[in-house]
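Thanks for coming. I will walk through one model today, starting with a single residue and working outwards.

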Amino acid sequence: MQTAQPNTKDKENKILLFTLTLGVFAIISSSLGIMGLVPIIALKFSISSTKAAHIVSYFAFVVMLFAPLTPLICEKIKPKPLMLLILSLFCISAFGSIFASSFEILLFFRLLPAFLHPVYIALALSLAAHSSKDKKQSARAISFVFMGMSMGMVLGVSIATFLGSHFSFEWAMGFFFALNLLCFCTTFFFVKPLSLAQSSSFKAQISILSKPLLWISVLAVFVCVAAIYGFYSFLSDFLHNSAGFDFGFISFALFVYGLFSVLGNFLAGKVLSYEKMTSFALAFLMMGLYFLLFLGEKHSALMIFILALLGVLSGMANNLTQFLISSPFEKAKELTNGLFVSFSNLGISFGVFVCGLFIEYFSLDLLVFVPMILLGFFCVILFVRIFIQKV
């Protein structure tokens, strides 16, 4: 009888962790999976690729506006009903998108759940962090949630691209609907009523906003995410219109990128203790790979190899950027998680804007130089952050 309670608790934690990972995968797939459909949306509604990309940047902008405070505001609501509410909104969003007759209607349905998107991500990270008192177990739980995030960011895109190119745009939206419905049912039937451990007061968490280290960390996240996902928003367009590959190859390439990003997610947990060294190494390696992408864009095997390596590094970057914000402020997890979600999405929005502007005034063929320049700025910011930590 003495071992029954710990075993039951472990089983409940495993179910919760699986549900959170699946939920994050569904949420991120639904919100960012549409990146791979940008050229298809442009064709479907007879608009430019730049305008079609607004479906990504506008969503990210709404998330950015609500992310810092909505996790704190919703903190008093029980986690399970809050998760069910958010997943139901994503179900409605995906279902409505299937029948959208114009780009404006599609945009409305896509933005519908955006204001609660950061609440689910921050809640998942907080529940994972509090799932164990042991720091190693807690870090492992967070890495699983990030695995769902990585798979959503990239595998969700490749699956949606495959369905959209081989079947129709409606099939891709149907995938998002089925995925969120599955998560809703899993949460409803298998997750027991939850409560979060008592966190620091609202006032105590807000007080960290006066810390220069927080804002330089936020800026580092913003620039790094802008570099990676700004370019990634146009990767399918780059592969199709610049490198000349068909959508079958593109969906496979995005799948490889996503698969290896999950590997990067696992590797990140082993190197986060070497945060400073890892950050610089990651930035310089990615700059080199973007340049190789430019040189080898006509060679399919080389492209797959480069994208696999970029996938590993992007998966590591997901964990690293969150660690840059959260690690110095352990007692303000809700706020730092909210800021991470907010400025990650602001970075995506800014990256999409800059890349779209670059394509419009320069060339899609040279787009790889945008993330290279942004990653150069990221390295400068890291130097400043190290100086602030020492002061």
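Threonine 321 counts as buried, because its relative accessibility is 3% and the cut-off for buried is under 20%. Please keep in mind throughout that this is a predicted model. Threonine 321 sits in helix α16, which runs over residues 300-326. What does the side chain of threonine 321 reach with a polar atom? That atom lies 2.8 Å from the backbone oxygen of alanine 317. If we set aside the neighbours within four places in sequence, threonine 321 is in contact with Val221, Cys224 and Phe340.

Those contacts lead to the partners of α16. Take helix α12 to begin with, residues 212-233. The axes of α12 and α16 are 8 Å apart, and the two helices pack at an angle of about 165°. An angle over 145 degrees counts as roughly antiparallel, and α12 and α16 are therefore roughly antiparallel to each other. The crossing of α12 past α16 is left-handed. On the α12 side, the contact is made by Leu214, Ser217, Val218, Ala220, Val221, Cys224, Ile228 and Tyr229. On the α16 side, the residues are Ser314, Ala317, Asn318, Thr321, Leu324 and Ile325. So you can find threonine 321 again in this contact, as well as Val221 and Cys224.

One residue of α12 is worth a stop, and that is serine 217. Is serine 217 buried or exposed? It counts as buried, because its relative accessibility is 1%. Outside the residues up to four places away in sequence, serine 217 touches Leu324, Ile325 and Arg385. Its side chain reaches the backbone oxygen of leucine 324 at 3.3 Å. The side chain of serine 217 also makes a polar contact with the side chain of arginine 385, at 2.8 Å. There is a long step in sequence here too: serine 217 and leucine 382 are 165 residues apart along the chain, while their C-alpha atoms are separated by 8.2 Å.

Back to α16, and to its other partner on my list. Helix α17 covers residues 333-361. The axes of α16 and α17 are 9 Å apart, at a packing angle of about 135°. How are α16 and α17 oriented to each other? They are oblique. The crossing of α16 past α17 is right-handed. Asn318, Thr321, Gln322, Ile325 and Ser326 make the contact from α16, and Thr336, Asn337, Leu339 and Phe340 make it from α17. Threonine 321 is on this list as well, and its contact with Phe340 was mentioned earlier.

Next, two alanines. Alanine 253 is in helix α14, residues 247-271. It is buried, with a relative accessible area of 1%. Leaving out neighbours within four places, alanine 253 is in contact with Leu239, Ile304 and Leu307. From alanine 253 to serine 300 is 47 residues in sequence and 9.2 Å in space, taken between C-alpha atoms.

Alanine 141 is in helix α9, residues 135-166. Its relative accessibility is 4%, so it counts as buried. Its C-alpha atom is separated by 9.3 Å from that of lysine 14, a residue 127 positions away along the chain.

Another helix pair is α4, residues 54-66, with α7, residues 103-111. They pack at an angle of about 35°, with axes 10 Å apart. The crossing of α4 and α7 is right-handed. His54, Ile55, Tyr58, Phe59 and Val62 of α4 meet Phe103, Leu106, Leu107, Arg110 and Leu111 of α7.

Now a loop residue. Serine 46 is in the loop between α2 and α3. Serine 46 is exposed, with a relative accessible area of 67%. Most residues other than glycine have a negative phi. Serine 46 has a phi near 55°, which is positive.

To finish, the chain as a whole. How many helices and strands are there? The protein chain has 18 helices and zero strands. Of its 391 residues, 59% are buried. Among contacts with a separation of 6 or more, 85% are between residues 24 or more positions apart. The accessible surface comes to about 16,700 Å², and carbon and sulfur atoms account for 72% of it.

Notes
Residues numbered from 1 in each chain as written. Predicted model: local features only at pLDDT ≥ 70, side-chain atom pairs only at ≥ 80, totals over all residues. Heavy atoms only, no water. Helix = DSSP H or I, 4+ residues; strand = E, 2+ residues; numbered from the N terminus. Buried < 20%, exposed > 50% of the residue type's maximum accessible area, 1.4 Å probe, protein only. Contact = heavy atoms within 4.5 Å. Areas by Shrake-Rupley, 256 points an atom, 1.4 Å probe, with all protein chains shown as cover. Polar contact = N/O pair within 3.5 Å; in protein donor to acceptor, adjacent residues only side chain to side chain. Axes fitted to C-alpha atoms, helices over the stretch in contact; angles between N-to-C directions. Parallel < 35°, antiparallel > 145°, perpendicular 65-115°, else oblique. Left-handed = near helix turned anticlockwise from the far one by under 90°.
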